[in-house]
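Let's take a walk through this one together, strand by strand and helix by helix. Have the model open and ready to rotate as you read.

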Amino acid sequence: MIDTTGHAFVTGGGSGIGKACVLLFAELGIRGIVVADLNLETAQTTVAEATAAATNSDFRAEAIQMDVSLEESVKSGVEHMVKSFGRIDYCVHSAGITIQSSNPVATSFSEFQLLDRVNVHGTFLVTKAVAAAMALQEPKPVDTSSPERGIVRGSIVNMASIAAVITPPSMVQYISAKFAVNGITKSAAIENAPLGIRVNCLCPTWTETPLYRKTMDIIPQLNDETSTTGIPMQRIATTKEVAQSAVFMCSTWSSFITGHALAIDGGMSLF
Ligand SMILES: NC(=O)c1ccc[n+]([C@@H]2O[C@H](COP(=O)([O-])OP(=O)(O)OC[C@H]3O[C@@H](n4cnc5c(N)ncnc54)[C@H](O)[C@@H]3O)[C@@H](O)[C@H]2O)c1
């Protein structure tokens with residue numbers, strides 16, 4: 001059985017992929033979870049649903065309002081988690097935004113800066129604050145029956161995108177942000193490996209969430225049929241499929257994987 005019975009900090013947990021991660025953690029027996037989102041109301045709804053789905057009798061969850069693009073907000077969110085739960089074993093950083101416009105010629109600088117602030121600064125700030133908190137906590141053995149597997153202080157999973165691997169047209173603001181997520185992940189993985197902290201990112205293709213629906217409103221050529229173009233498995237991802245990869249990356253089942261960008265793309269990046 002996969003073991004994720006510790007404590008998790010999930011950003012963007014009020015919707016989509018982040019919410020699916022919270023619910024899966026609850027089903028698999030997690031003990032404590034903080035759902036951090038810009039939207040406190042949706043985070044609270046996720047906490048209520050996770051509490052109903054939880055299988056650990058000691059389960060406890062809290063919703064907090066946090067803006068990942070602001071250093072003070074991230075710092076106080078992480079401090080709150082440590083104070084309230086004692087440690088952070090897993091972090092899934094799923095808060096992010098999509099493009100606001102699709103322009104084949106030029107993206108406005110203000111939009112470029114917006115995606116930079118939320119998707120790049122957010123990833124930097126969350127990774128930095130969570131890794132610093134993890135570095136201060138007591139290490140645990142990865143597997144008491146295999147001491148050679150060493151110790152673990154925590155695992156961080158950032159949400160990149162298949163747009164961090166391939167380059168769909170007319171979205172430089174999103175592509176550049178997601179390539180940066182991959183870069184932050186790899187740098188943090190190297191720096192934190194000696195401490196027993198792993199840092200990975202996930203690279204999903206289109207996934208059925210409100211963000212995907214919003215992107216459809218912005219790109220006129222994108223619809224339920226065209227979104228599967230170029231995907232050998234001929235469909236988009238479910239949030240549960242992405243959540244299962246996130247939980248795997250958090251668990252000790254991935255204990256020797258760090259700095260990795262895992263494509264969850266039905267084969268899209270093979271072309
Ligand atoms: N859905 C897809 O097709 C897809 C594909 C690849 C990657 N992704 C990435 O996965 C992540 C999650 O996307 P999703 O589809 O679940 O989106 P979503 O819109 O369903 O959920 C995103 C959540 O992030 C929160 N959020 C937005 N800005 C925030 C901020 N500044 N601070 C804190 N929270 C904030 C929102 O309130 C929302 O609850 C994003 O990083 C996205 O780029 C999504």
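Start with strands β7 and β8, residues 154–159 and 197–204, which run parallel and are joined by six bridges. If you want a landmark in that pairing, pick I156, which sits opposite V199 in β8. Keep in mind as you look around that this is a predicted model.

Two helices are worth finding from here. Helix α5, covering residues 172–192, lies across β7, β8 and β9, and its direction is at about 160° to β8. Helix α7 (residues 239–250) also packs on the sheet, where it touches β4 (90–93), β7, β8 and β9. Its angle with the direction of β8 is about 165°.

Now zoom out to the sheet itself. It is open, has seven strands, and reads β3-β2-β1-β4-β7-β8-β9 from one side to the other, with parallel pairing. What stands at the edges? That would be β3 (60–65) and β9 (261–264), and each has a single partner strand, so one side of each is left without a neighbour in the sheet. Going from one strand to the next, the twist averages 15°.

Back to α5, because it has a helical partner as well as the strands it lies across: the axes of α5 and α4 (residues 109–135) come within 9 Å and cross at roughly 15°. An angle under 35 degrees counts as roughly parallel, and that is why α4 is described as roughly parallel to α5. The crossing is right-handed. On the α4 side, the residues making the contact include F112, L115, V120 and F124, along with polar ones such as N119 and T123. On the α5 side, look for Y174, A177, V181 and I184, among others.

Next, have a look at T4, which is found in the segment before β1 (7–11). Is T4 buried or exposed? Its relative accessibility is 0%, so T4 counts as buried. What surrounds it, once neighbours within four places in sequence are set aside? T4 is in contact with F25, L28, G29, I30, Y90, V247 and S251. Two of those contacts tie back to elements we have already met: Y90 falls in β4 (90–93) and V247 in helix α7 (residues 239–250).

Finally, the charged pairs. A search of the whole structure turns up ten salt bridges, and three of them make a nice tour. R87 pairs with D89, with the closest N and O atoms 2.8 Å apart. Buried means under 20% relative accessible area, so R87, at 12%, is buried, and D89, at 7%, counts as buried too. This pair also belongs to a network of salt bridges that links R87, D89 and K140.

The other two pairs have partly exposed members. E241 forms a salt bridge with R235, and here the closest N and O atoms are 2.7 Å apart. E241 has a relative accessible area of 26% and is partly exposed, as is R235 at 37%. Then there is E62, whose salt bridge with R60 has its closest N and O atoms 3.3 Å apart. R60 is partly exposed, with a relative accessible area of 37%. While you are at R60, recall that β3 (60–65) is one of the edge strands, with a single partner strand.

Definitions and conventions: Residues are numbered from 1 along each chain as its sequence is written. This is a predicted model: local features need pLDDT of at least 70, side-chain atom pairs count only at pLDDT 80 or more; totals for chains, interfaces and linings use all residues. Side-chain values use heavy atoms; hydrogens and water are left out. Two strands pair if DSSP finds at least two bridges between them. Helices (H or I, at least four residues) and strands (E, at least two) are DSSP runs, numbered from the N terminus. Axes are lines fitted to C-alpha atoms, for helices over the stretch in contact, and angles run from 0 to 180 degrees between N-to-C directions. Contact means heavy atoms within 4.5 Å. A salt bridge is a side-chain nitrogen of Lys or Arg within 4 Å of a carboxyl oxygen of Asp or Glu. Buried means under 20% relative accessible area, exposed over 50%, partly exposed in between (1.4 Å probe, protein chains only). Angles under 35 degrees count as roughly parallel, over 145 as roughly antiparallel, 65 to 115 as roughly perpendicular and the rest as oblique. A crossing is left-handed if the near helix is turned anticlockwise from the far one by less than a right angle, and right-handed if clockwise.
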